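Biologist: I should like to go through the charged side-chain contacts of this model with you. Please reason each answer through to the value or name requested.

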Amino acid sequence: MRSCALLAAFCITTSAFAGSADLDGHIKTRAILSTFPSDSLFRDVAGAETLDLQSDLRLNFRWREGPWRVEASGQLFALYGERIEFTRDLPTEIEALAPRLPDDRRRYLDLTTIISDSGKTATLARLDRLSIGWTGEKTVVRLGRQALSWGNGLFYAPMDLVNPFDPATIDTEFKPGDDMLYVQHLRDNGHDIQGAAVGRRNPLTGESGADQSTVAAKYHGFAGSAEYDLLVARHYGDAVIGVGGVRSIGGAVWRGDVVLTRTGDETVTNLVTNLSYSWIGFGKNMSGGLEYYYNGFGQTGDYDFSADPELFLRLVRGDLFTLSRHYLAASVTVEVTPLWTVTPVVLANLGDPSSLVQVIAQGSLGDNAVFIGTLSLPVGPSGTEFGGIDAGVPGRYLSTGPGLFAQFAWYF
């Protein structure tokens, strides 16, 4: 319970000083139903379907005094289900692609405590935020565990070097924090410069170093009615540069990023571009987005990680979430009532072809309660990305079938 004790001590100590403090949080309980086709490797160990239950208690503490800011967020997880049990015995290579429990193996500080992990149950506590900051008239400095999001992608974010979201993530309310020094300076002309230095450790050796860290700077500026971003970074030892932009085109908004990564003697390009638009249809408020993503690290033929360590490394690190080169993503959000929305989403691999279809319903159950329900449908034959890639066992694939996700969140 080291993480919970550290959070409590931190909050009590900080609150003893002058200034204002507040505490809020949520409890989220979710049920996840997964199914597995007859040729799935997961079916061999888990059966035709699994039902998993998860609860997450999150406490968010904030303290302010003059220019100083302190933020700390603790989480307590309780998990139950077949997935907790059968994933415990999966090969290391598969577990690396889909970690079974939240952990800090790559982070500079280990702020996660596994309380129990046996049978179908697991409990753990972690600190997801723990930072101190100073905010001046034009400058912000923060040190500690915090979240950072860069880039202009709607689903895919090649410019977001620090812990990007998986495009298929359903609940994106809180981005997991990382240990970093963050600086932002606002110029007189309204442009700003942001910088971040993220410390990490090798998950196998526990050692830190430049080959595990990220040091990046981003310039955000305006050119007439358009905005632009310029990025330079050193990411896990690779040199990275990027350029992005946002501008209005008619009633739509165009966004895009191009990122170049130098790996050894090769320069790899990743690109994302999208259009988003809002309108009224059938008497309902509607908004949609269409996005193309090019993954220069992706493969063009059969998926073979042994022949492409660069791709496998980025999948394990959580830098990438795609196996192929060309993707098209689209979504439409329909405001069915002022309190309820329905959003169909399609993530399509143009090279397989295969896709993931999600239908997400979200709505308010009261002043402090929110429900999210999702139906997920992988589409594609065996051997494709969403249909299930070859598991390395004759006749078996890493495939999943239709799935259901239901989450109730209560805020206090």
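Modeller: Certainly; please note that the model is a predicted one.

Biologist: Is R105 buried, exposed or partly exposed?

Modeller: The relative accessibility of R105 is 43%. Partly exposed covers the range between 20% and 50%, so R105 is classed as partly exposed.

Biologist: With which residue does the side chain of R105 meet in a salt bridge, and at what N to O distance?

Modeller: The partner has a relative accessible area of 27% and is likewise partly exposed, being D103. A salt bridge requires a nitrogen and a carboxyl oxygen within 4 Å. The side chains of R105 and D103 satisfy this with an N to O distance of 3.2 Å.

Biologist: Are R129 and D128 buried or exposed?

Modeller: The limit for a buried residue is under 20% relative accessible area. R129 has 7%, and D128 has 2%. Because both values lie under that limit, R129 and D128 are buried.

Biologist: Which residues are joined into one network by salt bridges that share partners?

Modeller: The side chains of R129 and D128 meet in a salt bridge at 2.7 Å, N to O. Both residues belong to a network joined through shared partners. Its members are R58, D104, R107, R126, D128, R129, R145, D178 and D179.

Biologist: How far apart are the closest N and O atoms of R317 and D319?

Modeller: R317 and D319 are both buried. Their side chains form a salt bridge, and the closest N and O atoms are separated by 2.6 Å.

Biologist: How many salt bridges does the structure hold?

Modeller: The pairs discussed include R105 with D103 and R317 with D319. For the structure, the number of salt bridges is 23.

Note on methods. Residues are numbered from 1 along each chain as its sequence is written. This is a predicted model: local features need pLDDT of at least 70, side-chain atom pairs count only at pLDDT 80 or more; totals for chains, interfaces and linings use all residues. Side-chain values use heavy atoms; hydrogens and water are left out. Buried means under 20% relative accessible area, exposed over 50%, partly exposed in between (1.4 Å probe, protein chains only).
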